[in-house]
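Trainee: Could you walk me through this structure? I'd like to start with how its parts fit together.

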Amino acid sequence: MTVEQETRLLRSVPNRLFIGGEWVHASSGRTFDVVDPSTGASLTTIADASASDGLLALDAAVAARDAWAATAPRARGEILRGAFDLLQERAEDFALLMTLEMGKPLAEARGEVAYGGEFLRWFGEEAVRIGGHYGPSPEGTGRMIVTRLPVGPSLLITPWNFPLAMATRKIAPALAAGCTVVVKPAELTPLTTLYLARLFEEVGLPAGVLNVVTTSSAAEVSAPIIADRRLRKLSFTGSTAVGIRLLEQASANVLRTSMELGGNAPFLVFEDADLDLAVEGAMVAKFRNIGQACTAANRFIVHESLAEEFAARVTARVQELRVGRGTEDGVGIGPLINEAAVAKAVRLVDDAVSRGATVLTGGSPIAGSGTFFEPTVVIGVRPGSDILREEIFGPVLSIVTFTDEADAVAKANDTEYGLVSYAYTRDLARGQRLIESLQTGMLGLNVGVVSNAAAPFGGVKQSGIGREGGAEGIEEYLETKYVLTPNPFG
Ligand code: NAP
């Protein structure tokens with residue numbers, strides 16, 4: 001990638017709010033910088049919305065609501081399909097933009113364009129499959145109709161770690177269902193969402209159906225929208241702490257909510273595992289997105305007979321990972337998102353070591369510009385260590401051991417989170433038992449990535465409420481209406 005390519009791309013990204021089909025300045029005139037985490041330098045400056053801008057965006061979504069709900073499902077689907085097609089043409093631009101604002105290696109950013117795009121295609125197809133049913137009441141005196149209607153204007157709040165996919169995973173089902181939306185992207189990575197809004201504009205999405213407010217004051221902008229009775233749905237992806245606060249706010253108006261929250265994924269390696277496969281899976285489950293994924297394996301729970309060999313093999317692989325700016329060839333690990341993320345990785349490793357763990361490789365921040373942390377392997381992590389309880393959100397692979405299946409399951413479930421687990425075993429019956437005994441919304445059985453637009457993504461316990469993707473994803477944006485009529489035959 002040349003500097004000219006980067007500059008040209010950044011100039012083509014809108015730097016204003018997108019409200020009612022217009023690109024507008026923040027009413028206060030305020031702006032904020034978007035920073036490249038690999039250099040600490042400002043990439044560009046964009047509009048900084050305040051509460052009144054957020055409410056204008058809601059006004060626009062409310063004004064567009066009825067016409068969009070009345071738009072033929074096929075027409076809604078065609079717009080999503082058009083967006084999918086145009087995204088393919090712009091794939092390199094979207095990938096580079098994510099690498100610049102978030103730091104992930106370009107190859108992974110390309111992967112996210114493919115994954116994020118699939119939600120546009122999948123829900124473009126699902127738009128025409130919003131069903132209902134009709135039939136006799138049990139006593140035969142009536143006819144029961146059950147139909148599905150769009151829930152209404154929706155606020156979509158997204159995180160910084162997957163700037164495209166977390167946006168399309170919400171926007172696509174909402175639009176397919178006939179809902180209009182206000183999107184509030186993360187302050188750290190707003191450019192991808194602005195660029196996506198431009199793409200929707202180009203494929204003919206009517207004004208007001210999709211509105212984007214970028215802001216450095218998330219709570220100030222979102223709270224009045226959530227308090228407004230015209231809003232009918234809140235879909236949030238982010239940390240559990242913020243999710244809980246938003247659920248409290250949403251309760252005042254009994255708002256429909258979807259919550260995709262934090263994780264603390266266990267990665268189980270049983271004594272009968274295919275170790276080659278487990279090492280391969282571990283590298284993806286841990287180091288994809290620089291470890292900054294809600295689905296990132298957070299605790300490697302390995303049978304005591306295999307732990308040393310597993311640790312040696314992953315350590316050898318980790319030592320081959322090249323750290324650097326995501327735009328450079330061969331880089332596998334980019335920067336962490338900011339200084340706070342580096343400080344957290346330092347704290348968690350130091351705490352584990354102070355309680356008796358051993359660092360096999362890495363363990364420290366990398367000096368110089370940008371927020372880089374060495375890819376790290378830690379073994380012998382003791383119970384009670386913070387690293388077993390908190391989301392690491394960094395390239396640190398931490399290993400504990402177990403003695404038997406009951407011990408493995410108890411350790412895996414010893415967390416308030418329940419998003420995803422991974423398990424490696426050749427024993428089919430054990431695999432089937434794990435499906436029922438692991439307390440997570442998803443399970444990777446002999447695989448290290450589960451995400452797929454066609455599958456219901458989501459967690460149990462404090463990892464969230466609701467599902468995104470799959471046939472289930474559109475349900476989050478639909479209300480069920482039941483109608484009773486008399487038996488027409490008397
Ligand atoms: P975060 O701090 O909770 O922020 C998420 C979003 O909420 C951002 O847009 C943020 O805006 C906004 N926000 C923050 N405080 C708010 C408030 N008081 N009121 C309204 N909005 C508020 O999370 P993050 O650091 O961006 O993302 C990392 C977290 O997301 C991790 O816990 C990760 O596990 C989770 N995650 C979950 C999934 C899933 O599908 N389950 C997927 C990806 C990430 P600002 O950026 O302006 O602060």
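Mentor: Let me begin with a term we will need: buried area is the accessible area, taken with a 1.4 Å probe, that two parts lose on being put together, summed over both. Please also keep in mind that this is a predicted model.

Trainee: Okay, which domains does the chain have?
Mentor: The domain assignment gives domain 1, made of residues 3-261 + 464-481, and domain 2, made of residues 265-453. The C-alpha centres of domain 1 and domain 2 lie 30 Å apart, and the contact between them takes 29 residues from domain 1 and 29 residues from domain 2.

Trainee: And what area is buried between domain 1 and domain 2?
Mentor: About 2100 Å² is buried between domain 1 and domain 2, and carbon and sulfur atoms give 59% of that area.

Trainee: How many salt bridges go across that interface?
Mentor: The rule finds two salt bridges across the interface of domain 1 and domain 2. There are also ten residue pairs in polar contact between domain 1 and domain 2, counting pairs with both residues at pLDDT 80 or more.

Trainee: Which helices supply the domain 1 side of it?
Mentor: Helices α4 (91-102) and α5 (106-126) each supply at least two residues of the side of domain 1 that touches domain 2, and the largest share, six residues, comes from α5. By residue type, that side of domain 1 divides into 13 nonpolar, eight polar and eight charged residues.

Trainee: Switching topic, what surrounds the ligand?
Mentor: The ligand is surrounded by 30 residues, and the closest are Thr-158, Arg-169, Ser-239, Leu-261 and Glu-391.

Trainee: Which atom of Ser-239 does a ligand oxygen approach, and at what distance?
Mentor: An N or O atom in the side chain of Ser-239 is 2.6 Å from an oxygen atom of the ligand. For Trp-160, an N or O atom in the side chain is 2.9 Å from a ligand oxygen atom, whereas in Gly-238 a polar backbone atom lies 3.3 Å from an oxygen atom of the ligand.

Trainee: Back to salt bridges, how many are there in the whole structure?
Mentor: A search of the whole structure finds 32 salt bridges. One of them pairs Arg-148 with Glu-475, with the closest N and O atoms 2.7 Å apart. This pair links distant parts of the chain, since Arg-148 is in strand β6 (residues 142-150) and Glu-475 is in helix α16 (residues 470-475), 327 residues apart.

Trainee: What about Asp-36, which residue is its partner?
Mentor: Asp-36 forms a salt bridge with Arg-325, and their closest N and O atoms are 2.6 Å apart.

Notes: Residues are numbered from 1 along each chain as its sequence is written. This is a predicted model: local features need pLDDT of at least 70, side-chain atom pairs count only at pLDDT 80 or more; totals for chains, interfaces and linings use all residues. Side-chain values use heavy atoms; hydrogens and water are left out. Domain bounds come from an automatic or database domain assignment. Contact means heavy atoms within 4.5 Å. A salt bridge is a side-chain nitrogen of Lys or Arg within 4 Å of a carboxyl oxygen of Asp or Glu. A polar contact is a pair of N or O atoms within 3.5 Å; within protein, one must be able to donate a hydrogen and the other to accept it, and residues adjacent in sequence count only if both atoms are side-chain atoms. Helices (H or I, at least four residues) and strands (E, at least two) are DSSP runs, numbered from the N terminus. Ala, Val, Leu, Ile, Met, Phe, Trp, Tyr, Cys and Pro count as nonpolar, Asp, Glu, Lys and Arg as charged, and the others, Gly among them, as polar. A residue is near a molecule or strand if one of its heavy atoms lies within 4 Å of it.
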